[in-house]
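Visitor: I should like to go through this structure with you and ask, at each step, what justifies the terms in use.

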Number of protein chains: 2
Amino acid sequence: MYERYWQQTGDKSTILIPGWQSMSYFSDAGSLCWFLEPEFAKEIIRLHKMVGNAVTEDRYIVVGTGSTQLYQAVLYALSPPDAAEPLSVVSAAPYYSSYPLITDCLKSGLYKWAGDAQSFNKEGPYIELVTSPNNPDGHVRQSVVNKSGGILVHDLAYYWPQYSPIAAAADHDIMLFTVSKSTGHAGMRIGWALVKDEEVAKKMVKYVELNTIGVSKDSQLRAAKVLQVVTDGCKYPTSEEGSLFDFAANVMEERWKLLRAAVRQSGLFTLPEFSPGLCRFLNSSFAPRPAFAWLKCEAPIEDCEAFLRSNKILTRGGKHFGVGPQYVRISMLDRDENYDVFVQRLSTIHLRQSMQVDETVQ
Amino acid sequence: MYERYWQQTGDKSTILIPGWQSMSYFSDAGSLCWFLEPEFAKEIIRLHKMVGNAVTEDRYIVVGTGSTQLYQAVLYALSPPDAAEPLSVVSAAPYYSSYPLITDCLKSGLYKWAGDAQSFNKEGPYIELVTSPNNPDGHVRQSVVNKSGGILVHDLAYYWPQYSPIAAAADHDIMLFTVSKSTGHAGMRIGWALVKDEEVAKKMVKYVELNTIGVSKDSQLRAAKVLQVVTDGCKYPTSEEGSLFDFAANVMEERWKLLRAAVRQSGLFTLPEFSPGLCRFLNSSFAPRPAFAWLKCEAPIEDCEAFLRSNKILTRGGKHFGVGPQYVRISMLDRDENYDVFVQRLSTIHLRQSMQVDETVQ
């Protein structure tokens with residue numbers, strides 16, 4: 001979806017890396033996050049200050065190979081090394097489907113997935129993940145477990161004005177961001193964490209050191225360039241292509257309109273409803289237009305994912321997100337032509353098709 | 001150390017990445033390793049075929065964020081998910097100091113560091129890591145545990161002609177390589193595995209997906225360019241700067257001469273001795289010139305690392321590698337000016353200085 005914008009920016013967003021550049025493991029040997037490119041750190045702060053979506057003052061920046069690696073770095077940093085049992089990790093359902101898989105994939109003795117935060121009632125310390133706006137359903141969230149001993153981790157990957165009104169600068173202890181959802185550069189594998197506590201930041205750095213001995217310098221340099229172009233494009237809106245956020249906000253607005261129309265036409269599904277809110281950055285009021293559609297099948301169909309697959313629409317079913325199979329998640333960020341085919345197919349699904357199972361999935 | 005070579009190659013090794021390029025998570029959606037750039041895969045095969053250091057036929061290539069990530073991918077891939085106890089991981093001492101730290105950092109229930117392979121005598125399945133040439137001591141190695149149920153993993157990061165005669169193409173089930181030691185580009189964080197078994201390769205891909213959702217495309221594109229320049233530089237030796245391997249072999253040869261002279265002059269230390277061997281690639285016979293000096297302090301000094309630190313030489317002590325504190329490991333790949341200072345300092349250390357402790361370490 002973002003490709004079109006970046007094509008318009010032309011040479012401005014191109015980087016050139018000579019063979020002899022950034023060969024070392026180190027970016028800034030004396031700093032806490034010794035593998036963080038100073039240029040990238042500077043552009044992160046500049047972007048947040050302009051958008052106003054997160055407080056950067058008195059925070060350490062830790063760069064990661066995507067926010068996925070930073071999530072694991074947080075778990076490592078927050079788990080006491082010598083606890084008698086693994087630390088519980090929870091998030092309110094529906095939660096990001098990768099959280100349980102990543103948390104439990106190595107059967108760590110440090111931490112353990114403990115499921116839906118809403119039904120969590122174990123005594124003792126725990127980590128609660130707060131994804132806001134939420135993946136998969138797009139709702140703005142706050143913590144739901146109300147017990148002592150909990151540490152909150154805020155995954156703010158989608159807290160950008162193309163998806164959600166920016167009501168205020170987020171001011172949490174641990175906040176995760178990623179270029180894949182802010183600028184569309186998933187292939188860079190670059191994320192960053194804003195961390196208040198020095199010891200937590202140090203342990204996160206240690207994890208990234210153990211896991212991958214730092215983070216690609218090439219991608220950090222490219223991310224710095226891309227963020228710089230985004231910030232400049234907002235500050236000097238005379239440029240031909242306009243700002244990334246205006247561009248992406250318009251695309252998302254249009255896509256959600258098309259999607260809601262298709263859902264109405266089909267009559268089999270419902271979507272989450274959102275109230276409008278004031279965005280201090282775009283200086284207008286609008287309802288969220290999330291990066292995912294969280295579709296609920298209202299017809300008497302047992303497995304919505306299989307049903308849609310039989311209609312040549314690939315989705316991820318609700319059970320991966322801790323809820324029932326009547327829900328599915330669909331990406332709203334695909335290329336224009338794919339998105340158009342998807343809404344077209346969705347709009348023409350009617351109940352009698354629920355019996356036909358077409359194995360030729362796309 | 002490699003910087004000088006890459007400066008000489010000039011524009012040939014430069015890459016240019018426009019803002020709209022490689023934005024997706026996917027590189028080659030239909031292939032087993034869906035995040036591997038086809039261009040990079042092609043250059044890996046081309047380089048191995050030319051150098052003759054590893055068999056690439058009938059192998060899957062898995063790319064990783066450095067070979068460090070691939071090491072973890074291998075552990076994940078080889079561990080049965082439902083075993084009663086963690087799989088033992090061993091390597092003959094002195095072993096790479098990061099192996100035990102990485103293996104145990106998350107207290108995985110899948111695998112567990114079990115120390116020196118030479119004293120390993122537990123029944124049941126195990127993984128033996130064979131690093132050849134070995135980090136830290138430079139010796140060519142073979143497996144030492146002789147029991148059934150073992151799976152061998154070959155870390156061949158240093159099996160390149162600048163460090164070691166290439167006697168034959170390595171032909172093992174799982175082989176790990178990295179650009180940081182072959183071309184000097186540590187900052188790229190790019191490694192690759194050559195894997196015989198399809199199921200093992202698939203599980204390694206799964207780990208990289210869970211851990212970092214793939215590997216930086218920017219660094220893969222840059223690595224493809226750099227490997228291409230290396231292979232071309234060997235195939236068409238008329239180019240001004242010559243081949244990378246000739247360049248690096250000469251530097252290493254010279255550095256080892258200087259080091260051995262400094263060690264003789266000081267009289268306090270010894271170094272490993274190596275026999276010459278025929279290198280089929282460079283078509284000459286020479287003794288290994290490893291990327292690390294594995295220095296043994298022969299004087300009555302308890303802690304060689306602390307002793308050298310007091311002489312403004314930073315090393316890593318033997319206990320990290322599973323042996324005694326009379327050993328230290330020193331990198332041979334630093335910039336020329338740093339290397340010169342190091343040998344100069346080493347050559348002038350005499351026993352009476354062992355009592356002086358200078359806290360102003362460099």
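Guide: Let us begin with a sheet in chain A of this predicted model. Four strands of chain A make up an open sheet, ordered E9-E12-E14-E13, with antiparallel pairing.

Visitor: What makes strand E9 and strand E13 of chain A edge strands?

Guide: Strand E9 (269-270) and strand E13 (316-317) of chain A each have a single partner strand, so one side of each lacks a neighbour in the sheet.

Visitor: How do you know that E13(A) and E14(A) are paired?

Guide: Pairing requires at least two bridges between two strands. E13(A) and strand E14 (residues 327-331) of chain A are joined by two bridges and run antiparallel, so the criterion is met. Within this arrangement, A:Arg316 is opposite A:Arg329 in E14(A).

Visitor: What pairs with E1(A)?

Guide: The partner is strand E1 (residues 15-17) of chain B, in the antiparallel sense and over three bridges. Since at least two are needed, this counts as a strand pair. A:Ile15 lies opposite B:Ile17 in E1(B).

Visitor: How many residues of each chain are in contact, and how much area is buried between chain A and chain B?

Guide: On the side of chain A, 55 residues are in contact with 55 residues of chain B. The two chains bury about 4500 Å² between them, 56% of it on carbon and sulfur atoms. In chain A, the residues that lose the most area to chain B are A:Met23, A:Leu106 and A:Arg222, together 16% of what that side buries.

Visitor: Why is the contact of A:Arg222 with B:Asp218 called a salt bridge?

Guide: The rule asks for a side-chain nitrogen of Lys or Arg within 4 Å of a carboxyl oxygen of Asp or Glu. For A:Arg222 and B:Asp218 the closest N and O atoms are 2.6 Å apart, so the pair qualifies. Two salt bridges are found across the interface of chain A and chain B, and 43 residue pairs are in polar contact there. By class, the side of chain A that touches chain B comprises 24 nonpolar, 23 polar and eight charged residues.

Visitor: Why is the relation of chain A to chain B that of a two-fold axis?

Guide: Chain A is superposed on chain B by a rotation of 180° with 0.0 Å of shift along its axis, at an RMSD of 0.0 Å. That is the relation of a two-fold axis. The same surface serves both copies, as 100% of the contact residues of chain A recur in chain B.

Methods. Residues are numbered from 1 along each chain as its sequence is written. Chains are lettered from A and ligands numbered from 1 in the order in which they are written. This is a predicted model: local features need pLDDT of at least 70, side-chain atom pairs count only at pLDDT 80 or more; totals for chains, interfaces and linings use all residues. Side-chain values use heavy atoms; hydrogens and water are left out. Contact means heavy atoms within 4.5 Å. Buried area is the accessible area (1.4 Å probe) that two parts lose on being put together, summed over both. A polar contact is a pair of N or O atoms within 3.5 Å; within protein, one must be able to donate a hydrogen and the other to accept it, and residues adjacent in sequence count only if both atoms are side-chain atoms. Ala, Val, Leu, Ile, Met, Phe, Trp, Tyr, Cys and Pro count as nonpolar, Asp, Glu, Lys and Arg as charged, and the others, Gly among them, as polar. Copies are superposed by least squares on the C-alpha atoms of residues with pLDDT of at least 70 in both.
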